[in-house]
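Trainee: I'd love a close look at just one part of this model instead of a quick tour. Could you pick a spot and walk me through what surrounds it?

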Amino acid sequence: MKMKAGYSQLKPVVLILIFNLCFYSSFQLNELQQVCELCSGAVLNDSVVGQFCASSAGRTLGRCCFKYDNTSCHERITGLDLSNCSLTHVVDLQEASKALMIDLSLNPIINISDTVFQGFSELNYVILPQEIDCPGGNSSWEKVEVKAGNRLCKGQKDICNQTGQLSIECPENSLCAPYGPGFFECSCADNYHGYKCLREGEFPALYVFGPLGASTILVSVLLWVTQRRKVKSF
């Protein structure tokens, strides 16, 4: 379980941080993220992730499928193909937390940490070696099947809407939201914030995050100036 303040309470800082988000992301568009380099090679066109990427108008880079996110200023990883990579352990895939599809098949995986997929609320299709259970347990998925030596986990369930599976007890004045297979988070309802959402009234977001936003923008500007000087030196 995870607690967080309601999104509407952060509106005062959105304008302060949006410039920094768009500005700084320009440095990251062409960078190959580390999770895409966990295995050599590239996504094959005839692979499950490759076909998914082509059908969703994405682009492949390393072992990842990227697609531009209309709600932000950068691309995000929507597909991750780590099949046949000789992986024995899977520890950290957080760079792909927005992925819709992940392929970990054809790997001698011994175990996968329970928290690897925490926060992967949009994950809808996972391919695993037959011996590995689906993230969050088979009950966290609409359909689980074993086919050609692989375990297919399809359609992540919303744990907050399940009955008879888990007693979801979010604090008063909060709402339950899915947070990856088998995980959930409790978000404070509008006009509530603080420990267990006990404080009523608007969260002082501008006072708390304003200085942080200003300092981050300054760092981004300095990075941009440094980048321009490097380009001119060539």
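Mentor: Sure, and one term has to come before the spot itself: helices (H or I, at least four residues) and strands (E, at least two) are DSSP runs, numbered from the N terminus. With that settled, let's go to D81, which has its place in strand β4. Keep in mind that this is a predicted model, where local features need pLDDT of at least 70, side-chain atom pairs count only at pLDDT 80 or more, and totals for chains, interfaces and linings use all residues. Residues are numbered from 1 along each chain as its sequence is written, and side-chain values use heavy atoms, with hydrogens and water left out.

Is D81 buried or exposed? Its relative accessibility is 3%, so D81 counts as buried; the word means under 20% relative accessible area, with exposed over 50% and partly exposed in between (1.4 Å probe, protein chains only). The D81 side chain makes a polar contact with the side chain of S83, at 2.7 Å. That term stands for a pair of N or O atoms within 3.5 Å; within protein, one must be able to donate a hydrogen and the other to accept it, and residues adjacent in sequence count only if both atoms are side-chain atoms. If you skip the neighbours within four places in sequence, D81 is in contact (heavy atoms within 4.5 Å) with V43, S47, V49, R63 and D103.

Now step along to L82. Again leaving out residues up to four places away in sequence, L82 touches V35, L38, C39, R63, L87, L93, D103, L104, S105 and N107. R63 and D103 turn up in the contacts of D81 and of L82. L82 also belongs to the largest nonpolar core, which has 28 residues; L80, L82, L93, I102, L104, I112 and F117 are those with the most contacts inside it. Strands β3 (64-68), β4 (75-81) and β8 (125-129) each give this core at least two residues. Such a core is a set of buried Ala, Val, Leu, Ile, Met, Phe, Trp, Tyr and Cys residues joined through side-chain atoms within 4.5 Å. Nonpolar side chains tend to be buried together in soluble globular proteins. Another core, of six residues, lies apart from the 28-residue one; V43, V49, F52 and M101 are among its members. V43 and V49 are on the contact list of D81 as well.

Let's see what β4 pairs with. β3 and β4 pair in the antiparallel sense over five bridges (two strands pair if DSSP finds at least two bridges between them). One of those partnerships puts K67 with R76 in β4. On to β2, residues 59-61, which runs antiparallel to β3 and is joined to it by three bridges. β2 and β3 make a hairpin with two residues between them, and G62 in the turn has a positive phi of about 65°. R59 stands opposite F66 in β3. The charged end of R59 also sits over the F66 ring, 5.3 Å from its centre; to count, NZ of Lys or CZ of Arg must be within 6 Å of the ring centre and within 35 degrees of the ring normal.

Just before β2 there's a loop from α2 (48-55), and A57 is found in it. A57 has a positive phi, near 60°, in a residue other than glycine. With a relative accessible area of 66%, A57 is exposed. The loop between β4 and β5 (89-90) holds S86, another non-glycine residue with a positive phi, about 60°. S86 counts as exposed too, at 62% relative accessibility.

Back inside, which residues form the one aromatic pair of the structure? There is one such pair: the rings of F117 and F120 have their centres 5.4 Å apart and their planes at 75°, so the pair is edge-to-face. Rings of Phe, Tyr and Trp (its six-membered ring) pair if their centres lie within 6.5 Å; planes under 30 degrees apart count as stacked, over 60 as edge-to-face and the rest as tilted. F117 and F120 are both buried, and F117 is one of the core residues with the most contacts.

Finally, zoom out. The chain has three helices and 14 strands, and 38% of its 234 residues count as buried.
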